[in-house]
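The exercises below go with the sequence and structure shown next. Try each task on the coordinates before reading its solution.

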Amino acid sequence: MDSKKLFATLAILIIALSIAGFAYAHWQKIVTIKGEVTTGVLDLIIISAADDDTGIDPDYDKDVADTVITIDPEDPQIAHITITNAYPSYHVYFHVTIKNVGTIPAKLYAIEVDNPNECIYVEAWDGQYEQLHPGDKGDYSGYIHVLQCAEQGATYEFTVKFVFWNWNEVP
Amino acid sequence: MPSVGHVKYTQRGEKESDKEMKTKMTALFATLMIALMVAGFAYAHWSKVVTITGTVTTGKLHLTPSFHVDGIEGTEGWLPEPEGKHVSYINWTIEGNTLTITINNTHPCLTIAGYIDIHNDGTIPAGLKHIEWDSTPYLRTEEPEPDIIELYDDTVNETYPIAIVGVGGNYTTFQIDPCETVYLYFKLHFEEALPQGSTYTFTGKFEYWNWNEA
């Protein structure tokens, strides 16, 4: 064999080994960070509801109209107010206690009253003024007044929505 | 085959086109980012809505009058007279809330006694707000004492009344609750000054409101 060829082959082999040796020569240790994020739950329900017509009509001396407020048995986020045999100037306050049953503090963002009836006055307000932390409960109230223009034998409907957001997003 | 100049011109055009495309892409990207930021802000909150639904059903204020006269069955008949004579005749009708009474062929010393009942057949208590009497223009009324009304026809006699009405009952003192009734008792006596061949008309309006406003 040609000594030059042998030398060249040896040199190439050494270079190849040295490259391979360099590549496999380091030690390594991998530190891994695994991430898992579980989001909270924003959830509120009505735990009690009441009105101030407990017999004798508020501010009067007779029991004529009747107001009943109940929590929806299938969805405690909803309460229903039913007023029967109402008349002009009949008025009643209602109160609901809302509990934060979620895991995120909640804050009242808005109260939306949808009342297309000009002869029924409806308003609602925040009796809490504070955030509701998980497990906390707060009182919220409203007022309904039958105005003079109310028709006899008529039915009027309205909706009051207490809109809660996660506390940190409420301005 | 394109000339050298044409090739250079084409390459310069492609470079300008690339530059314009990059500018557009940058603008598009910036717009997208802003849109996402806005959308991200709008949808970032969680919300929970507690709803209260309300239904208000109003009641009904409705009153119905009825009328009866002592000694008469039904809604018409001869008024009781001495010796059982048939001289004066009375009848009445009720349409809605209006009671219309007609008395014909009356004469001095005739007395009519009866009741007007007002029944609440609605669902709301009623309270008497106002009573308004209207009559033949020249018929003058005086109230010499409570519950006594004297009727004068000044064209005939200014001194003596043509009739005297005594009224009573509980209609002014009680609200009428649903299903309840108040009454007005009256006794009408025609006096000696009553002229012959005359016609008098009168209207009484009893205005009731829902009790809490009356």
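**Exercise 1: a hairpin and its next strand**

Strand S8 (residues 139–145) of chain B and strand S9 (residues 148–153) of chain B run antiparallel and are joined by five bridges. This is a predicted model, in which local features need pLDDT of at least 70 and side-chain atom pairs count only at pLDDT 80 or more, while totals for chains, interfaces and linings use all residues. Residues are numbered from 1 along each chain as its sequence is written, and chains are lettered from A and ligands numbered from 1 in the order in which they are written.

Task: find an opposed residue pair in this hairpin, examine its turn, and identify a pairing of S9(B) with strand S10 of chain B.

Solution.
1. Elements are DSSP runs numbered from the N terminus: helices are H or I with at least four residues, strands are E with at least two. Two strands pair if DSSP finds at least two bridges between them.
2. Thr141(B) stands opposite Leu151(B) in S9(B).
3. Two residues lie between the strands of the hairpin, and Asp147(B) has a positive phi near 70°.
4. S9(B) also pairs with strand S10 (residues 163–169) of chain B, in the antiparallel sense and over four bridges. Within that pairing, Val165(B) is the bridge partner of Ile149(B).

**Exercise 2: a sheet within chain B**

Task: give the strand order of the open sheet that contains S3, S4 and S5 of chain B, and name its edges.

Solution.
1. The order is S3-S4-S5 (chain B), with antiparallel pairing.
2. Strand S3 (76–78) and strand S5 (98–104) of chain B are the edge strands, each pairing on one side only.
3. On average, neighbouring strands of this sheet are turned by 10° against each other, direction ignored. Such angles use lines fitted to C-alpha atoms, for helices over the stretch in contact, and run from 0 to 180 degrees between N-to-C directions.
4. Strand S4 (residues 89–95) of chain B is joined to S5(B) by seven bridges. Thr93(B) stands opposite Thr100(B) there.

**Exercise 3: a sheet with strands from both chains**

Task: work out the order of the five-strand open sheet with mixed pairing, and explain why its edge strands each have a side without a neighbour.

Solution.
1. The order is S2(A)-S3(A)-S1(B)-S8(A)-S5(A).
2. Strand S2 (66–71) and S5 of chain A are at the edges; each has a single partner strand, so one side of each lacks a neighbour in the sheet.
3. Neighbouring strands here are turned by 15° against each other on average, direction ignored.
4. S3(A) runs parallel to strand S1 (residues 47–58) of chain B, with seven bridges between them. Ala86(A) stands opposite Thr58(B) in this pairing.
5. S5(A) and S8(A) are antiparallel, with eight bridges, and Glu112(A) stands opposite Lys161(A).

**Exercise 4: the contact between the chains**

Task: describe the side of chain A that touches chain B.

Solution.
1. Taking residues as in contact if their C-beta atoms, placed from the backbone, lie within 7 Å, 48 residues of chain A touch 24 residues of chain B.
2. S8(A) gives the most to this side of chain A, with 12 residues.
3. The residues of this side divide into 30 nonpolar, 12 polar and six charged. Ala, Val, Leu, Ile, Met, Phe, Trp, Tyr, Cys and Pro count as nonpolar, Asp, Glu, Lys and Arg as charged, and the others, Gly among them, as polar.

**Exercise 5: one residue**

Task: is Val122(A) buried or exposed?

Solution.
1. Val122(A) lies in strand S6 of chain A.
2. A residue is buried if 20 or more other C-beta atoms, placed from the backbone, lie within 10 Å of its own, exposed if 12 or fewer, and partly exposed in between.
3. Val122(A) is buried, because 21 other C-beta atoms lie within 10 Å.
4. Beyond four places in sequence, its contacts include Val113(A), Phe158(A) and Gly54(B).
5. Val122(A) and Tyr143(A) are 21 residues apart along the chain, and their C-alpha atoms are separated by 5.7 Å.

**Exercise 6: confidence**

Task: where in chain B is confidence lowest?

Solution.
1. The pLDDT is the predictor's confidence in each residue, from 0 to 100. Chain B has a mean pLDDT of 84, and 80% of its residues reach 70 or more.
2. Confidence in chain B is lowest in helix H1 (residues 4–43) of chain B, at a mean of 59, and highest in S1(B), at 96.
3. Where pLDDT is low, the predicted coordinates should not be read in detail.
4. For the complex, the predictor gives an ipTM of 0.81 and a pTM of 0.73.

Definitions and conventions. Contact = placed C-beta atoms within 7 Å.
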